[in-house]
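Okay, thanks for coming, everyone. I've got one structure to show you today, so let me put it up on the screen.

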Amino acid sequence: MTPVMTEFLQIRQISKLYQPDKEVEVPALDNINLSIEKGEFVVISGPSGSGKTTLLNIIGGLDLPTEGQIILDGKLLTGLAERELAGIRRDHIGFVFQAYNLLPVLTARENIEYVMKLQGRSREKCRARSLMVAEKLGIASLLDKLPHQLSGGQQQRVAVARAVAPTPKLVLADEPTANLDSKSAAALIDMMEKLNREEGVTIIFSSHDPLVIAKARRSVVLKDGKLVTDICE
Amino acid sequence: MLFQFALRNVLAHGKRSVVTILLGTISTALLVFSSAWMDGSHQQMIKNAVEIYPGYIQITGAEFRQSPSFEHLLFDVDKIQAEVIDIAGVALFTPRFEAFVLFSVGDKTVGGMLTGINPEKERRVSRLCAALKDGEYLENNDNNQLYIGNELARRLQVKVGDELVFIGTGADYSFAADRLIVKGIFQTGLFEFDAGSAFLAKSYFDRIMASKNLATHGIVLPENLNRSAQLAGVIGRRIGPKYQVADWQQTMAGLVKSMQLDSCFGYITLAIIFIVIFFVVMIYTLLAVFARLKEIGIMRAIGTTPRQVFAILLWESSILGFISVWVGGLIGAAFAWYFCIHPLVFSGMEEQFKQYGLAASAIPSAFEPLTIGRDMAVMFLLLLLSTLYPIIKVNRYQPIEALHHV
Ligand SMILES: Nc1ncnc2c1ncn2[C@@H]1O[C@H](COP(=O)(O)OP(=O)(O)OP(=O)(O)O)[C@@H](O)[C@H]1O
Ligand SMILES: [Mg+2]
């Protein structure tokens, strides 16, 4: 019997209905189907309110879909307990948030090493890995600074380093360039693309900046919670 | 790693940490000192009450305490004395003979207790001599010279040098009466005692009461006051079942009980204070933890499990609690120690104190490391418990909700 080839990430019939009030129903996502292979560099774009953040949160197990399933590397994430999801996020998924979301009490280096330490890696390994990733992202000289001592672009690079350093299977970045000027935005995406190429990590990010979208190798477009286009280069 | 992170958080949130530590420190110091003070004043009251007259250890005939009649006397005081004095830990033995008599002056007659004592030894086992108010204390070879309580003297309207008569029954049931001269007047502050007691030197008393070598009870002064109970046991086994040996906790059972009751009320008051502290700490922690909800959301989003978040926050509370308890404990202990060595003197309040049976106006606090340790442990648990609810509450949040919290 030949093993069934499964795609790396399967998004199956995902719908999300927000219900802020009893009366109101907001369909944020409507029957999304998407498969992503290992090593892809995908952008999710679409106008504001189209459901990009919601989709990324559901893929990463931060939010639950109303319907549908997420299968990551053959493992069904939907329906897992929060404890298990936390473990999967720690070991297999890296997050980059629009608002950087670095831990304010930790230095850049400690932020980058936090997840690796949770994974139980030795101090030396954490050190070596954080330095290596920081060098690729051009922030090696900033490692001992606290987040509030860094600019937005620098913080976002630290956030990318934090997401990538623990060698996750998948990195999810929600509008990582939204708070950056266009030059730093392009630079950040270039760095992420380099990491994607050199480390083979699958990266999915969202954006509505055409310059940034153009850098991705695959572009998925959402509109009103529906998947409208999916173009591969 | 979790501990290190907790430590970082404690250090980074300096202001909050300081406030929490301050709260904990003050509460601990308060608890340690107030229980030391409570114990100290109770010990002092008991010490006063015991030392004024009853003594630390009493020896009586086996049934004397149930039926205090002349049939159950100590019949061979010299022999008992020789035996008791030999026991290690006994500093002194002195016999007393108490007899109910009528005192009368002119047309006034008052009932009371006339007791034959050994004045010299009595100086060491009771505070009769120190309670002298007027005239002079007794001496061993005094004759019909009387040392009388000030209330009794007032009722009989006698002063030092005045004469009065007593009528009573001798140890051999013979009729006994004599003419006595007031040598000194005392005031212990125990009203009942001052209103019903008078003393004669036992050598003279024995002659008129036919009580030579007899006593209603004997008092033993232990070398170590804290070991009265053990010593009483040793003496009891040595002198045999013909006698009963009771330490102050038995002879003063009522007082001991009332002190325990008082402690109990004291602890209830403290408990109420601590419930307040508990909620203050809890609410403060709740605010502090919710101010960090976003941070906790980030931790959760990047893979910290709820259990690890719980552990980190609990470590933080433990670090803060640990510091509070030690700093507060040391401050409280320092105060307890200081006031143990330099008892608080309520000057000018001697008179009021005497009415409560306190012959002294200085109250030391107790200094007992074990009690202090207990208080510190209780406080530590209380501080941890008070942060438990906020920690659990904050941990209930889904990471995404926590992240969006501002
Ligand atoms: N917690 C929520 N409660 C109710 N409605 C929500 C919630 N979060 C998102 N929505 C709604 O779901 C829809 C999709 O939102 P989402 O944040 O995914 O859009 P987006 O594509 O990320 O937009 P943007 O580009 O502005 O970030 C929107 O209509 C939004 O109003
Ligand atoms: Mg969004």
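I'll go through the ligand site first and then the contact between the two chains. One thing to keep in mind throughout: this is a predicted model.

So, ligand 1. There are 13 residues around it, and the ones that come nearest are A:Ser48, A:Gly49, A:Lys52, A:Thr53 and A:Thr54. What kind of residues make up that shell? You get seven polar, four nonpolar and two charged.

Now look at the backbone around there. A polar backbone atom of A:Gly49 sits 2.8 Å from an oxygen atom of ligand 1. For A:Gly51, a backbone N or O atom is 2.9 Å from a ligand oxygen, and for A:Ser50 the distance from a polar backbone atom to an oxygen of the ligand is 3.2 Å. As for how covered the ligand is, on its own ligand 1 has 630 Å² of accessible area, and the protein covers 63% of that.

Where do the shell residues come from? In chain A, strand 2, that's 26-36, and helix 1, 52-59, are the elements that give two or more residues each. Helix 1 of chain A has the largest share, with three residues.

Okay, on to the chains. The contact takes 23 residues from chain A and 24 from chain B. People often give the size of an interface as the accessible area lost when the parts come together. Here, the area buried between chain B and chain A is about 2,100 Å², and carbon and sulfur atoms give 66% of it. On the chain B side, the residues that lose the most area to chain A are B:Met1, B:Arg8 and B:Ile302, and together they make up 29% of what that side buries.

How many salt bridges are there between chain B and chain A? Two. B:Arg300 forms a salt bridge with A:Glu82, where the closest N and O atoms are 3.1 Å apart. If you count polar contacts between the chains, with both residues at pLDDT 80 or more, you get seven residue pairs.

Staying with the side of chain B that touches chain A, four helices of chain B each supply at least two residues: helix 1 (2-12), helix 11 (293-301), helix 12 (306-341) and helix 15 (399-404). Which one gives the largest share? That's helix 11 of chain B, with six residues. And by type, that side of chain B divides into 13 nonpolar, seven polar and four charged residues.

That's what I had, so over to you.

Note on methods:
Residues numbered from 1 in each chain as written. Chains lettered and ligands numbered in written order. Predicted model: local features only at pLDDT ≥ 70, side-chain atom pairs only at ≥ 80, totals over all residues. Heavy atoms only, no water. Near = heavy atom within 4 Å. Polar contact = N/O pair within 3.5 Å; in protein donor to acceptor, adjacent residues only side chain to side chain. Areas by Shrake-Rupley, 256 points an atom, 1.4 Å probe, with all protein chains shown as cover. Nonpolar A, V, L, I, M, F, W, Y, C, P; charged D, E, K, R; others polar. Contact = heavy atoms within 4.5 Å. Buried area = accessible area lost by both parts, 1.4 Å probe. Salt bridge = Lys/Arg side-chain N within 4 Å of Asp/Glu carboxyl O.
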